[in-house]
Amino acid sequence: MHEQFNFAIEVLGTFSFAMSGSFAAMQKRLDPFGVLIIAFVTAVGGGTVRDLLLDIPVFWMHDLLTCAVIIITSIFSMIFKSLEKNIKVTLFIFDSFGLGLFTIIGIQKGLHADIHPLICIGLGTITGCFGGIIRDILLNRIPLIFRKEIYATACIVGGAIFLLLVNYTTLSYTFVQIFTILLIVAIRTFAVKYQWQIPKFYGHDHSSEM
Amino acid sequence: MHEQFNFAIEVLGTFSFAMSGSFAAMQKRLDPFGVLIIAFVTAVGGGTVRDLLLDIPVFWMHDLLTCAVIIITSIFSMIFKSLEKNIKVTLFIFDSFGLGLFTIIGIQKGLHADIHPLICIGLGTITGCFGGIIRDILLNRIPLIFRKEIYATACIVGGAIFLLLVNYTTLSYTFVQIFTILLIVAIRTFAVKYQWQIPKFYGHDHSSEM
Amino acid sequence: MHEQFNFAIEVLGTFSFAMSGSFAAMQKRLDPFGVLIIAFVTAVGGGTVRDLLLDIPVFWMHDLLTCAVIIITSIFSMIFKSLEKNIKVTLFIFDSFGLGLFTIIGIQKGLHADIHPLICIGLGTITGCFGGIIRDILLNRIPLIFRKEIYATACIVGGAIFLLLVNYTTLSYTFVQIFTILLIVAIRTFAVKYQWQIPKFYGHDHSSEM
C-alpha cells in the first residue's frame with residue numbers, strides 16, 4: 001500500500017508540473033510541440049537532477065507511464081485552455097502542489113540512498129524547484145527564485161518538519177507525507193495571498209543595487 | 001563500414017555545431033577564448049546531457065579527436081569570418097545539419113542502451129537541441145525554442161520517421177540514416193524559408209500574454 | 001600533509017564562492033533563504049558538473065562539512081554586509097580566489113581519473129567557471145563570460161602552466177599549486193584593473209552585431 005501511495009504522489013506531481021509547464025508555455029504563445037517540450041522539462045527537470053546527483057538511474061528513462069502522463073496532460077491543457085479564464089490561479093495551484101509532492105519524494109529518495117537528513121532537505125528542495133527554474137530560463141521569464149515570493153523556503157520548512165515528524169513522533173508515515181505536502185502548499189499559498197516576506201536582516205544598501 | 005559511417009556523422013555534427021557556436025559568439029563580440037568555449041559547449045552540450053541520462057561515459061572525456069575538431073573548427077571560423085559576408089545563412093545551414101546529425105546519433109545511442117523507442121525520440125531531440133539551448137542561454141540570446149521557428153518539431157518528426165523506416169521497411173540502415181538527416185535539415189529550412197508555423201489549436205488569449 | 005593541503009584549498013574555495021554568491025544575491029535583494037540557495041549553487045555548481053562528467057560520486061552528497069561551510073559563510077556574509085561599503089571589490093576578490101582554487105582542484109581530479117591533460121584543462125575551467133555561470137543565470141545578470149573581462153582565459157592559461165610546471169620541472173607540487181592559484185588571481189585582477197582585452201583577430205563586422 002505504501003508503494004502504491006508513493007506511486008500515486010509521483011504521478012500527481014508529474015501531472016501538476018506538466019499542467020503548470022503547459023500553461024506557462026501557452027502564455028508565451030509557443031506552438032503545440034513547444035508546449036509539450038516545456039511541459040516535459042518542467043515535470044522531469046527536478047527529478048532528473050536529483051537522480052544524477054544520487055547516481056541512480058534517471059527515473060523517466062525506463063518509464064513510459066511518466067511520458068504518457070505528460071503527453072496526455074499537455075494535450076488536455078491545450079484543450080482546457082480555451083475554456084479557462086483565470087489561468088493565473090490554476091497555474092499557481094498546480095505549481096504549488098507539484099512543489100509539495102516533489103519535495104517529499106526527493107527527501108525520501110535521498111534517505112533511501114543513505115544521504116544525511118540535512119543534505120536530503122537540499123535534495124528535496126532541488127527536486128521541487130529545478131523543474132520550474134529550467135522552465136523559467138527556457139521561457140525567458142523572471143526566474144522564480146528572484147520574485148518576491150516564498151518558494152524554496154516552503155520546501156526547506158516543509159522538508160525539515162517532515163524529517164522531524166518522521167523521526168521524533170509515532171504518527172503514521174502516510175499521514176506525515178500528506179500533512180507536509182499540504183503544509184508546503186499552504187505556506188506558499190498564504191505567503192502569496194498575504195504577501196508574506198522573510199525579513200532581510202542584512203542592511204539596506206541602495207547604492208549597490210543594480 | 002557501419003561503424004565508420006557513424007563515426008563520420010559524429011565528426012560532421014561536431015564540426016557543424018562548433019561552427020554554429022563560433023559564429024554566434026563572434027556576432028556577440030566575444031574574445032577568441034570566449035568563442036572557443038561557446039563552440040565547445042554548443043558542440044558537446046547535447047551529447048553530454050544524453051550520456052548523463054543514459055549513465056554511460058561522457059563521450060568527449062576520453063576522446064581527444066572531438067576536442068581537436070572543435071579547436072580547429074573554432075580557429076578556422078575566426079579566420080573565415082573576415083572573408084564572409086552572409087553570416088546568417090551560413091550559421092543557419094550549419095545549425096540545421098548539426099541538428100539532423102545529432103538527433104539521429106541520439107536515437108541510435110538510446111536504442112543501443114535498450115531504451116523504449118518513444119523515449120529515444122525524446123533523447124534524440126535533447127541531443128539535437130540542448131547544445132543550441134545552452135549556447136543561447138550563455139550568449140543571452142532569445143532562446144531558440146521560443147522563436148517562431150520549427151526546430152524541435154523537426155527532430156521529433158525526423159526521429160519518428162527514422163524509427164518507422166528502420167523497423168517497418170527493408171531499406172538499408174545507412175540509407176535511412178542519410179534520408180532522415182536530410183529530412184530534418186529540409187523541414188527546418190523550408191519552415192524558415194516559407195515561414196511555416198504549426199497551428200495553435202488552443203484559443204487566443206490576449207489578456208494573459210506577458 | 002598533501003591530502004590536508006588539498007582539503008584546505010577545497011574549503012577555502014567553497015568559502016570564497018559562497019561569499020561571492022551571497023553578496024551577489026544580496027545585491028539583488030533576495031531574502032535570506034534565497035541568499036543561502038545562491039551561495040550553495042555558486043559554491044558547488046562547478047564541482048558538481050565536474051563530478052558528473054567524471055562519473056564519480058558528487059562531492060557534497062556525503063560531505064556535511066561543505067554544507068556547513070556554505071551555511072556559516074552565508075550567514076556571516078549577511079551580517080558582514082551591513083558593515084561593508086565597498087562590496088564590489090570584496091566580491092571580485094573572493095570570486096577570483098574561488099576561480100583559481102577550483103580550477104586547480106578540477107585539473108587534479110581529472111588527472112586522478114586518467115583523463116588526458118588537455119581535456120583536464122577544460123575540466124578545470126568548467127570547475128572554476130560553472131558555479132559563477134549558474135549564479136548569473138539564476139540572478140538574471142549579464143552572464144560573466146559575456147562581459148569584457150578575462151575570466152575563463154585565466155583558468156585556461158593558469159591550468160596550462162600548472163601542467164607544464166608539474167610535468168617538466170622539479171618544483172615541489174605544493175609550490176606549483178600555490179603559484180598557479182595566485183597566478184590565476186593575478187591575471188584576472190590585472191586584466192580588470194588595466195582593462196586588458198584579448199585582441200579579436202577576426203574582422204569587425206558592425207552590420208551583423210545584434
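**Entry 1: two helices of chain A**

I began with how helix α5 (residues 117–138) of chain A and helix α6 (residues 152–168) of chain A lie against each other in this predicted model, and I found that their axes come within 9 Å and cross at roughly 140 degrees. Because angles over 145 degrees count as roughly antiparallel, this crossing makes α5(A) oblique to α6(A). I also noted that α5(A) passes α6(A) in a right-handed crossing.

I then looked up which residues meet there: from α5(A) they are Pro117(A), Ile121(A), Thr125(A) and Cys129(A), and their partners in α6(A) include Cys155(A), Ile156(A) and Gly159(A). I reminded myself that an α-helix has 3.6 residues a turn, so residues three or four places apart point the same way.

**Entry 2: helix α5 of chain B**

I checked the length of helix α5 (residues 117–138) of chain B, whose 22 residues should span 32 Å at 1.5 Å a residue, and its end C-alpha atoms are indeed 32 Å apart, which agrees. I noted as well that α5(B) has a kink of about 40 degrees, centred on Cys129(B).

Is α5(B) largely enclosed or not? I found 17 of its 22 residues buried, so the rest of the structure largely encloses α5(B). Just after this helix, I came to Asn140(B), which takes a positive phi of about 60 degrees.

**Entry 3: Thr189(B)**

I located Thr189(B) in helix α7 (residues 173–193) of chain B, and its relative accessibility of 31% means that Thr189(B) counts as partly exposed. The C-alpha atoms of Thr189(B) and Ala154(B) are separated by 9.9 Å, although these residues are 35 residues apart along the chain.

Conventions:
Residues numbered from 1 in each chain as written. Chains lettered and ligands numbered in written order. Predicted model: local features only at pLDDT ≥ 70, side-chain atom pairs only at ≥ 80, totals over all residues. Heavy atoms only, no water. Helix = DSSP H or I, 4+ residues; strand = E, 2+ residues; numbered from the N terminus. Expected span 1.5 Å × (residues − 1). Bend = angle between axes of the 7 residues up to and from the residue. Buried < 20%, exposed > 50% of the residue type's maximum accessible area, 1.4 Å probe, protein only. Axes fitted to C-alpha atoms, helices over the stretch in contact; angles between N-to-C directions. Parallel < 35°, antiparallel > 145°, perpendicular 65-115°, else oblique. Left-handed = near helix turned anticlockwise from the far one by under 90°. Contact = heavy atoms within 4.5 Å.
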